[in-house]
Structures are given as structure tokens and as C-alpha cells.
Amino acid sequence: MTEFPSDAILVVVETGASGELEKAAPGLFGAAAAVGTPIALVLASPGAGSAAAAEAAALGARRVLIAETPDPSVLGVPSVDALAAAVEQVQPDAILISQSLNGRDLAGRYAARSRAAVSVDAVGVSRDDEGVVAHHSVYGGAYDVTSTSTFGAPVITVRQGSIEARATAQPQDSETLTVPPSGKRAARIDSFDEAVVATSRPELRGAAKVVAGGRGLGSEEQFALVGQLADALGAAVGASRAAVDAGYIPTAHQVGQTGVSVSPQLYVALGISGAIQHRAGMQTAKMIVAINKDGDAPIFEVADFGVVGDVFKVVPQLISALEARKK
């Protein structure tokens, strides 16, 4: 049986529809390398395991365990079976998973099966004398707290975009993981219709730049200004809950406590007052720029740069300046 390092950190990554690793993978391996030796478990679609293993090694995985999904129509259970088999083999000090929809589902399912402790939505990890510790930004960023497990390896879901560190590339060293099926009941997808969305904008979750708009934009038509600035910056489009509730933009773009949590390099808030529920989802951004006509808006309390002014006057000037620099 293959021996694994005593400080192994198991990093669980999955492949996308085209076979590439999820966008959160570089940050996960960077976090793992800071506290131990990254060992990858690649949950791959059929036939994508070898290429994904090479990508994982390039991102810093010392060894890669490949678990190709035997039946992609079965939900949840095969991934938990693979994780359980990997943990038994690797005996890691911690398990890192992306704070994505699939990642949270996997973390919860595995924890319920194995009675492991879960630390969710971490924005960093460290190690002390007793083991691996997760760091969290809570209550709208008002407090920084830590959590860990007093037994076994903690399962830590990491907020996408929160980890800037990157691991050093490693030579590819991979093997196919033997996964005994648990036989547990699972949901199955019988059929689906593919929805093709043509957009040049990055996905909100994990984007390096985000431009978000609030109720201050006034209407769905005027909210288009957010998209114009986002296109000029090459950014994703976000929104406050107030803008979503007003019907300016679909719920998938909502940033905040009840929406998506983001940690981009740049977050631009247009016409957003900055309620604590919204700040909970974006306050860990590396650079926050706020434009609002209300100089007392709470968003200015967390902004690195603030402009008190009318977004419909300030933003067009900003877009023009950005376009001029591209010429």
C-alpha cells in the first residue's frame, strides 16, 4: 500500500463539464500547502481523470487519487464513497473542499456518514500544535473567528477567491482509487435540458473582479449600467438583495448572507447602501470601491475607496476613462 506523508492534507476537487478542474482548485492547493502536504482526490467525469490529475499536479498536488464517476446520473453518494475511501487510505490531518454547491453537499454528506466535524466557509487555514485550524469572517465581517476539531480530521469548506497563496507545481504522481460502493440510496437524474447561456463575463462565484448594483440604480433598465462597467473591467455582475427583490436582476447574482459569498481582488459597489447582510458576502474582498450619493451609507465603513456622488454621472465617466486607457 502506498504511504502518504504524515502531514497530508486531502484536497477534494472535481472536474467541470469540459473536463478541467473547478476554478477553486488553485486556492485549495495553496491553502493545503501552507499547512501540510497537498494530496488530491480528483472526482472526475468519465475519461477526464488523467488530464485532471496532470492539472492537479501542476497546481501543487504531491500525489493524486483519481475517482472517475461510474454513473454521472447518480447524485451525491458516489462522491462520498470516493472521499471515504481516500480518507481511509491517506489518513489526512484535514480535508479541504470548495464552498460551492457540490462542495457543501459533499462535506455535509461525508460528515454525517463519518461523524466528522465540519468548518464551513473558511477564508483561511493555519496550523497550531494540535492540528489544522480554519479561519472565518462572520457577522458581516465584524468578527474574525477560528474553528477546529478536537477529534479526527476536520472537513473544511473554503470560500472561493479567499486564498491568494499558490502551491508549487509537482511532478505528476497519480493512481486510480479503488472505491467500494456503499450501496446507499441516491437520487438520480433521469433527463435534463441543457441551457446554453452566451456571455463573456466570468462566473460570479470565484471571480477576480465583481461589479455589484443595489436598489439605488432605480430600475431594471438603469441596472444595465452595472453590466457596462463590469464589461469595461472584465468583471462579474453582482447585486444586493434589494436589487434582486426589486426585480432588477435574477437571484443567481445576489451577493450576501442569503446569496453568494465572494472574495474578489476588486469589488465595486454601485448604489448599494451596505446592509450587514450584504457586507457578509463581500467584505473579504481585497479592494472595495463604493459609489453612492449618500455619504452616510454603511458601505463606506468597509470601502477602501469611496465616491459620494450620483452613479449615473460618476460611472459613465469611469467607463469612458477605462475605455480610453485600452486604446
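**Note on salt bridges and burial in the model**

1. Glu301 is exposed, with a relative accessibility of 61%, a value over the 50% cut-off for that class. The model under review is predicted, and the points below should be read accordingly.

2. The partner of Glu301 is Arg279: their side chains form a salt bridge with an N to O distance of 3.8 Å. This pair links distant parts of the chain, since Glu301 lies in the loop between β14 (288-292) and β15 (305-308), while Arg279 belongs to helix α7 (residues 276-279), 22 residues apart. Arg279 has 15% relative accessibility and therefore counts as buried. The bridge thus joins an exposed acidic residue, Glu301, to a buried basic one, Arg279.

3. In total, the structure holds 9 salt bridges. One of them is formed by Asp173 and Arg63, whose closest N and O atoms are 2.6 Å apart. Here too distant parts of the chain are linked: Asp173 sits in the loop between β9 (155-158) and β10 (174-176), and Arg63 in strand β3 (residues 63-68), 110 residues apart.

4. Which residues are linked with Asp173 in a network of salt bridges? They are Arg63 and Glu175. Within this network, Arg63 counts as buried because its relative accessibility is 11%, which is under the 20% cut-off. Asp173, at 32%, is classed as partly exposed.

5. A further salt bridge brings together the side chains of Asp93 and Arg127, at 3.0 Å from N to O. The two residues are 34 positions apart and connect distant parts of the chain: Asp93 in the loop between α3 (77-90) and β4 (94-98), Arg127 in strand β6 (residues 124-128). Asp93 is partly exposed at 24% relative accessibility. Arg127 is likewise partly exposed, its relative accessible area being 37%.

6. Turning from side-chain pairs to a helix, how many of the 11 residues of α1 are buried? The count is 8, and helix α1 (residues 25-35) is accordingly described as mostly covered. The buried residues of α1 comprise Ala25, Gly27, Leu28, Phe29, Gly30, Ala31, Ala32 and Val35.

7. One general point helps in reading that list. An α-helix has 3.6 residues a turn, so residues three or four places apart point the same way. The buried set of α1 includes the run from Gly27 through Leu28, Phe29, Gly30 and Ala31 to Ala32.

Notes:
Residues numbered from 1 in each chain as written. Predicted model: local features only at pLDDT ≥ 70, side-chain atom pairs only at ≥ 80, totals over all residues. Heavy atoms only, no water. Salt bridge = Lys/Arg side-chain N within 4 Å of Asp/Glu carboxyl O. Helix = DSSP H or I, 4+ residues; strand = E, 2+ residues; numbered from the N terminus. Buried < 20%, exposed > 50% of the residue type's maximum accessible area, 1.4 Å probe, protein only.
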